[in-house]
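Here are some questions and answers on helix packing and a metal site. Please look at the structure first.

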Amino acid sequence: MPISKFKAQITAAGAALLLTACMTTNEVTGRSQFITIPPSQDAALGLEAMNEVKKTADVETNTADAKRVQRIGRRIAAISDNPGMPWEFVVIDEDVLNAWALPGGKIAVYKKMVDSFTSDEELAAVIGHEIAHAILRHGAEKMSRVQAQNMAIAGVGVAVGATTEDQQMSQIAVTLGALAAQGFVQLPHSRAMELEADDVGTRYMARAGYDPRAAVRLWKKMKAMKDGGGGQPAWLSTHPTDDQRIKRLSDKMDSYLSEYNPR
Ligand SMILES: [Zn+2]
């Protein structure tokens with residue numbers, strides 16, 4: 001058999017194995033997700049990636065801004081579907097409207113975002129959205145998609161050199177660890193992930209005692225900032241339009257308000 005054909009067969013077998021091994025149903029949303037990383041690896045991957053970020057960016061962990069983000073973040077994480085994640089909340093001292101979440105609950109909010117939203121309820125909408133991304137394992141899902149694409153392009157079978165499922169998983173984890181270190185936070189989320197994070201994040205903020213109507217105010221302000229020039233904020237440069245998000249949140253506001261637990 002020509003080697004290229006042999007490789008193709010191995011790749012197809014590997015991909016099929018990976019697909020069946022990696023479809024999981026998300027307990028919070030009920031959506032079926034393709035994720036190659038076992039949940040037990042999330043914390044280590046997130047920690048590794050956060051350590052890389054701390055080497056290169058101006059990360060604040062003990063300033064007034066950082067303490068504000070931590071106070072809001074811990075309050076929301078405590079009532080989330082996974083309060084036991086190794087949560088960490090930091091501020092990055094850069095003049096960009098952005099925030100992100102790494103696997104395992106490592107969350108960063110950029111200084112311009114903290115400065116732009118002086119109301120804790122509006123900032124809680126940002127942080128609730130990121131907490132939802134972490135809990136719904138969107139980072140792991142993004143990385144899994146990239147890895148599957150790379151495999152298809154390179155024609156490298158995961159089955160090569162690995163005989164057990166455990167060995168394959170550890171190979172996959174090594175590849176993804178390297179990817180995480182390269183700054184995978186810059187990969188965009190899909191439209192479905194963004195809308196899920198809006199929905200679950202708004203539910204969490206309401207349960208934590210932040211008025212969920214602030215989420216709609218936040219998106220309207222973000223839209224106005226964008227329309228007012230200064231380009232597209234990085235946090236919004238994803239598929240759903242601002243109007244779509246605002247409409248979806250407004251449509252479900254009664255449901256969020258029913259979970260609102262003012263303190
Ligand atoms: Zn998002």
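Q: Which residues in H8 does H5 meet?
A: This is a predicted model. On the H5 side, the contact is made by Glu121, Ala124, Ala125, Gly128, His129, Ile131, Ala132, His133 and Ile135. The contact of H5 with H8 divides into ten nonpolar, four polar and three charged residues. The partners in H8 are Met193, Glu194, Ala197, Asp198, Val200, Gly201, Tyr204 and Met205.

Q: What is the orientation of H5 to H8?
A: The axes of H5 (residues 120-135) and H8 (residues 191-207) come within 7 Å and cross at roughly 120°. Angles of 65 to 115 degrees count as roughly perpendicular and those over 145 as roughly antiparallel, so an angle between these ranges is neither. That makes H5, relative to H8, oblique.

Q: Which residues coordinate the zinc ion?
A: Two of the ligands, His129 and His133, lie in H5, four residues apart, about one turn of the helix. Along the chain the donors follow the spacing H-x3-H-x60-E. The distances are 2.1 to 2.5 Å, and the donor atoms come from His129 (NE2), His133 (NE2) and, with two OE entries, Glu194.

Q: Why is the arrangement around the zinc ion classed as it is, and what is that class?
A: Four donors count as tetrahedral if all angles lie between 85 and 135 degrees. The four donor atoms around the zinc ion subtend angles of 52 to 133°, so the low end falls outside that range. The arrangement is therefore irregular.

Q: How are H5 and H9 oriented to each other?
A: H5 and H9 pack with their axes 8 Å apart, at an angle of about 90°. In H5, Glu121, Glu122, Ala125, Val126 and His129 meet Ala214, Ala215, Arg217, Leu218, Trp219 and Lys221 in H9. By class, these are six nonpolar, one polar and four charged residues. From the angle, the two helices H5 and H9 are therefore roughly perpendicular.

Q: What is the orientation of H9 to H10?
A: H9 (residues 213-227) and H10 (residues 242-251) have axes 9 Å apart and pack at an angle of about 165°. Angles over 145 degrees fall in one class. That makes H9, relative to H10, roughly antiparallel.

Q: How many charged residues does the contact of H9 with H10 have?
A: From H9 come Ala215, Val216, Trp219, Lys220, Lys223 and Lys226, and from H10 come Asp242, Asp243, Arg245, Ile246, Leu249 and Ser250. Of these, five are nonpolar and one is polar, and the charged residues number six.

Conventions:
Residues are numbered from 1 along each chain as its sequence is written. This is a predicted model: local features need pLDDT of at least 70, side-chain atom pairs count only at pLDDT 80 or more; totals for chains, interfaces and linings use all residues. Side-chain values use heavy atoms; hydrogens and water are left out. Axes are lines fitted to C-alpha atoms, for helices over the stretch in contact, and angles run from 0 to 180 degrees between N-to-C directions. Angles under 35 degrees count as roughly parallel, over 145 as roughly antiparallel, 65 to 115 as roughly perpendicular and the rest as oblique. Contact means heavy atoms within 4.5 Å. Ala, Val, Leu, Ile, Met, Phe, Trp, Tyr, Cys and Pro count as nonpolar, Asp, Glu, Lys and Arg as charged, and the others, Gly among them, as polar. Donors are N, O and S atoms within 2.8 Å of the metal (3.2 Å for Na, K and Ca); water is not among the atoms, so sites may look incomplete. Four donors count as tetrahedral if all angles lie between 85 and 135 degrees; four count as square planar and six as octahedral if opposite donors are over 155 degrees apart and all others between 65 and 115; anything else is irregular.
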